[in-house]
Amino acid sequence: SISFEQYHDDNIWLQDDALPIDLVQSSWITTIAPSLLWTAQTGANLYGLRGTLKSGRVWSSRTDDFNDKLFDAFAHHEFNHRNKLDLNFAYNYLHEARGTGLSEGVFGLFIDRPNKYADTIIEGKYTFGGDTSKGQIEGYYKYLDKEYKNHEELTQYYDRIDDTLGGAFYYRVMPKTSLLFEARYRDITYDKTRPDDSTLDSDEMTYQVGAKWDATAKTSGRAQIGRTYKDFDASDRKDTAFTSWEVGVLWSPRTYSHIDLYTNSVPIETNGRGDFIESRDYGIAWKHEWNDRVWTDVGASYLTRDYQGIDREDDISKFNVGVDYIFRRGIRFGAEYIYASRDSTQRYFDYDNNIFMLKADLGF
């Protein structure tokens, strides 16, 4: 398949338009993304390879052009109805647009091009117990190696390795409803520490209880809540415990209309400011298929980012509306409008952003 996007972004560096000097830059942006997917299936077993190249041209600021590369290999193997194994390997070479990540706010103007980084991800999940068993156990592991590739004077201190190990137990209380109990441990290790600072290395432990259900043809979901404990290796960084949750509910009042509700509270690693970020997201998305060829997507979300260790809190609002049209099999056209706004207690991180997009997807 190959995807095309042509859109106008009125604030490509996500700057505050209320600053004494005008730092807001708009641009037309063109992206093209060829992708190749190969799969092999034997009964319930599925194996695949996928590769995508995404190239972007920012016409008003060519130093912001980007070329992202994504590759992953995956496998789902069922030894029998009670024993299943999922494996995934991914290598993604990506960019952080100026004004985001380590270069958010006015810091994005101190570098001449986007930060580039590579994520190497290895994941595995083993499931014991059938889909209709009274009990089911999951064990999983995830390895993430994040390595920045340029601007080493800034980025070298944010290369890190995350190791996550977890398990969940599901206890069926009704034919389509199970209680769940989950625990996971995450070890975060940074490659380097700033000479004038202390290490960001830490451990996280999360305990949650909840339920997952597929009670009717119209509703399915998962909800869990508990506590997350983050402990730093450095004594001058404050250990923290907070209530964490993950909720996702899909409601389909009609076979052609779907409403997705979600919220979560999770820790996020620092983007260069503070010890870490306590993130809370709330969102709703509605997809409606008007006929076999036309459907619309509408979504809204509200996010809070509470920076631990410094006096900063961000409120981020997002809204999108789009329409897609299937011209014929394998050919789809679409249009979308996206609005985002950030209100920060540190005003130099405020922004408003409007994107108007046209897109096309061709499948072969």
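**Exercise 1. The nonpolar patch**

Task: In this predicted model, find which strands each supply at least two residues of the nonpolar patch, and state which strand gives the largest share.

Solution.
Step 1. Three strands each contribute at least two patch residues: β6 (115–128), β8 (160–174) and β9 (177–190).
Step 2. The largest share comes from β8, with four residues.
Step 3. The patch lies on the surface and includes Phe79, Tyr126, Phe128, Phe169, Tyr171, Val173, Met174, Leu179 and Phe181. Together, the residues of the patch have about 1100 Å² of accessible area.
Step 4. Take one member, phenylalanine 181, in strand β9. Its relative accessible area is 42%, so phenylalanine 181 is partly exposed.

**Exercise 2. Two salt bridges between strands**

Task: For the salt bridge of glutamate 138 with lysine 125 and that of aspartate 162 with arginine 186, state which strands are tied together and whether the residues are buried or partly exposed.

Solution.
Step 1. The side chains of glutamate 138 and lysine 125 form a salt bridge with an N to O distance of 3.9 Å. Glutamate 138 is in strand β7 (residues 135–148) and lysine 125 in strand β6, so the pair ties together parts 13 residues apart in sequence.
Step 2. Buried means under 20% relative accessible area. Glutamate 138, at 14%, is therefore buried, while lysine 125, at 29%, is partly exposed.
Step 3. Aspartate 162 and arginine 186 meet through their side chains at 2.6 Å, N to O. Because aspartate 162 lies in strand β8 and arginine 186 in strand β9, this pair ties together parts that are 24 residues apart in sequence.
Step 4. Aspartate 162 and arginine 186 are both buried.
Step 5. Aspartate 162 and arginine 186 also belong to a network of salt bridges, together with Arg160, Glu204, Lys230 and Glu269. The structure holds 30 salt bridges.

**Exercise 3. A salt bridge between loops**

Task: Locate aspartate 197 and arginine 237, and describe how their side chains meet.

Solution.
Step 1. The two side chains meet in a salt bridge of 3.1 Å, N to O.
Step 2. Aspartate 197 is in the loop between β9 and β10 (202–213), and arginine 237 is in the loop between β11 (219–232) and β12 (240–254), so the bridge ties together parts that are 40 residues apart in sequence.
Step 3. Aspartate 197 has 42% relative accessibility and counts as partly exposed. Arginine 237, at 8%, counts as buried.

**Exercise 4. The nonpolar cores**

Task: Name the residues of the largest nonpolar core, then list the contacts of tyrosine 157.

Solution.
Step 1. The largest nonpolar core has nine residues: Leu94, Leu102, Tyr117, Tyr148, Tyr157, Tyr158, Ile188, Tyr190 and Leu200.
Step 2. Apart from this core lies another, of seven residues, including Tyr7, Trp13, Val58 and Met357.
Step 3. Leaving aside neighbours within four places in sequence, tyrosine 157 contacts Tyr190, Lys192, Thr193, Arg194 and Pro195.

**Exercise 5. Serine 341 and lysine 287**

Task: State the strand of serine 341 and of lysine 287, and describe the surroundings of each.

Solution.
Step 1. Serine 341 is in strand β17 (residues 331–344). With a relative accessible area of 17%, serine 341 is buried.
Step 2. Residues up to four places away in sequence are not counted here; serine 341 touches Asp315, Ile316, Ser317, Tyr351 and Asp352. A polar atom of the serine 341 side chain lies 3.5 Å from the backbone oxygen of tyrosine 351.
Step 3. Lysine 287 is in strand β14 (residues 276–289) and is partly exposed, at 32% relative accessible area.
Step 4. With the same residues left uncounted, lysine 287 touches Tyr256, Ser257, His258, Trp295, Thr296 and Asp297.

Note on methods. Residues are numbered from 1 along each chain as its sequence is written. This is a predicted model: local features need pLDDT of at least 70, side-chain atom pairs count only at pLDDT 80 or more; totals for chains, interfaces and linings use all residues. Side-chain values use heavy atoms; hydrogens and water are left out. Patches are made of residues with over 30% relative accessible area and no salt bridge: like charges are joined within 9 Å, nonpolar side chains (Val, Leu, Ile, Met, Phe, Trp, Tyr) within 5 Å. Accessible areas come from the Shrake-Rupley method with a 1.4 Å probe; for residues, only the protein chains shown count as cover. A salt bridge is a side-chain nitrogen of Lys or Arg within 4 Å of a carboxyl oxygen of Asp or Glu. Buried means under 20% relative accessible area, exposed over 50%, partly exposed in between (1.4 Å probe, protein chains only). A polar contact is a pair of N or O atoms within 3.5 Å; within protein, one must be able to donate a hydrogen and the other to accept it, and residues adjacent in sequence count only if both atoms are side-chain atoms. Contact means heavy atoms within 4.5 Å. A nonpolar core is a set of buried Ala, Val, Leu, Ile, Met, Phe, Trp, Tyr and Cys residues joined through side-chain atoms within 4.5 Å.
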